[in-house]
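Got your viewer open? Let's take a walk through this one together, one selection at a time.

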Amino acid sequence: MTATRTRTPAPGAAAEGRTTYREAMREAMREAMRADERVFLMGEDVGRYGGCFGVSLGLLEEFGPERIRDAPLSESAFVGAGIGAALAGMRPIVEIMTVNFSLLALDQILNNAATLLHMSGGQLPVPIVIRMTTGAGRQLAAQHSHSLEGWYAHIPGLRVLAPATVADARYMLAPALADPDPVLIFEHGSLYNVSAELPAGPGFPGIERAVVRRPGTDVSVITYGGSLPKALAAADDLAEAGISAEVVDLRSLRPLDDATLGDSVARTHRAVVVDEGWRTGSLAAEISARLTEGHFYDLDAPVERVCSAEVQIPYARALEAAALPQADTIVAAARRAVGDPVPPRADTAHQRPTAGRPA
């Protein structure tokens, strides 16, 4: 494999058409590999099998085994090999099957990828992209279902992305590959079959900014990744109750777009943060703290958090659903935030008391 340099891939205009999240990610990789011979894909089952979730299906036939490289079942080894390739001038895309397995490569990601630029005095950038599936809701049990992206968002030296839409799946990869720092992309497993029309022409907001997916005036619902569809569904339910919810998609988990979050809370004066991670030490806790520190006088109510239950993700479908944020739990949190009593239900007699509407 040579380090021949060609033009750097950049997000461009897409032809109009309906596609899935999975297909959009595949097309993003195909475009990057056609544009730059330094780009290659490496991971478990990415070649002949087409990827555990089918994202790389067909790429081996187009680009060959030098650029679509099946790796042995050793996350530490192949992530380390990707870091070495990045140091040598390549632009590797490394796929880790699920976020749970990324812990086997945590030493490589934290102690090497994230720190080498600093420890070399700026001489050794590590331009690697690491993709991994995250999240629950598919009955894959505890070892394949957790949401640990908040852990990685804790680490300086990394950029952490969470594309929640088909357009972001299509267009986030090119700027991630162009970034001189390591970039982690978390793809929620529930999104792969989601389909949407890809926009034609310019308009991609880059990878630095959060985006308001639905404007509102009464409460800001802040979320990312696989929880975005639930937040939008909750906003529809709230609208029927006369509550206007603004839905903010974080998109970037490190760095966070504090300006967009602050602007939203300044409009609505209330916030609900939805995070599929565990509540304790969560990304939701960080966002809540930042809103309280920077926008205390904009807030008319405490920041609400909707997170996964503090348990290992269950296998049983009903238990798994009960452990995760859902549209109805988001609705309940938003109604608490605006001081609107939640109608009692037979299965929620133990529900937390609702405070009166803030002045």
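Before you click on anything: of the contacts in the protein with a separation of 6 or more, what percentage comes from residues 24 or more positions apart? The figure is 80%. Keep in mind that you're looking at a predicted model.

**The whole chain**

Show everything as a cartoon. You have 14 helices and 14 strands to find your way around. Of the 359 residues, 54% count as buried. Switch on the surface and you see about 15,300 Å² exposed, with carbon and sulfur atoms supplying 55% of that.

**Into the core**

Now select V79, I130, Y152, L250 and I287. These are the residues with the most contacts inside the largest nonpolar core, which has 48 residues. Add helix α3, residues 75–87: this helix gives the most to that core, with five residues. Zoom in on V79 and look for its partners further along the chain, which include V94, I96, A105, I128 and I130. There's another core as well, lying apart from this one; it has 32 residues, and M25, V129, V166 and I207 are among them.

**F186 and its neighbours**

Next, pick F186, in strand β7 (residues 183–188). Is F186 buried or exposed? Its relative accessibility is 2%, so F186 counts as buried. Draw a distance from its C-alpha to that of T134: the two residues are 52 apart along the chain, yet the atoms are separated by 6.1 Å. Show side chains around F186 and you'll find that it touches Y21, V99, M132 and Y152, among others.

**Two helices with a buried face**

Select helix α5, residues 106–113, and colour its buried residues: Q108, I109 and A113. Look down the axis of α5 and those residues fall within an arc of 95 degrees, so they line one face of the helix. What do they pack against? The list includes α3, β5 (129–134) and β7.

Move on to α10, residues 228–240. This helix has 13 residues and spans 19 Å from first C-alpha to last, close to the 18 Å expected. Colour its buried residues, L228, K230, A231, A234, A235 and L238. Why do they line one face? Viewed down the axis of α10, they fall within an arc of 150 degrees, so they sit along one face of the helix. The background is simple: an α-helix has 3.6 residues a turn, so residues three or four places apart point the same way. Around the buried residues of α10 you'll find β9 (211–214), β10 (219–223), β11 (245–249), β13 (271–278) and α14 (327–338). Just after α10, click on G242, which takes a positive phi of about 85 degrees.

**Backbone oddities**

Most residues other than glycine have a negative phi, and most peptide bonds are trans. With that in mind, go to A141, in the loop between β5 and α7. Phi of A141 is positive, near 70 degrees, and the residue is partly exposed at 26% relative accessible area. H269, in the loop between α11 and β13, also has a positive phi near 70 degrees, and H269 is partly exposed at 27%. Then find P255, in the loop between β12 (252–254) and α11 (258–268). The peptide bond from R254 to P255 is cis, with omega near -5 degrees.

**Last stop: cysteines**

Select C52 and C307. C52 is partly exposed at 33% relative accessibility, while C307 counts as buried at 15%. How many disulfides does the protein have? The count comes to zero.

Notes:
Residues are numbered from 1 along each chain as its sequence is written. Side-chain values use heavy atoms; hydrogens and water are left out. Helices (H or I, at least four residues) and strands (E, at least two) are DSSP runs, numbered from the N terminus. The expected span of a helix is 1.5 Å times one less than its number of residues. Buried means under 20% relative accessible area, exposed over 50%, partly exposed in between (1.4 Å probe, protein chains only). The arc is that of the directions from the helix axis to the C-beta atoms. Contact means heavy atoms within 4.5 Å. A nonpolar core is a set of buried Ala, Val, Leu, Ile, Met, Phe, Trp, Tyr and Cys residues joined through side-chain atoms within 4.5 Å. Accessible areas come from the Shrake-Rupley method with a 1.4 Å probe; for residues, only the protein chains shown count as cover. A disulfide is a pair of cysteine sulfur atoms within 2.5 Å.
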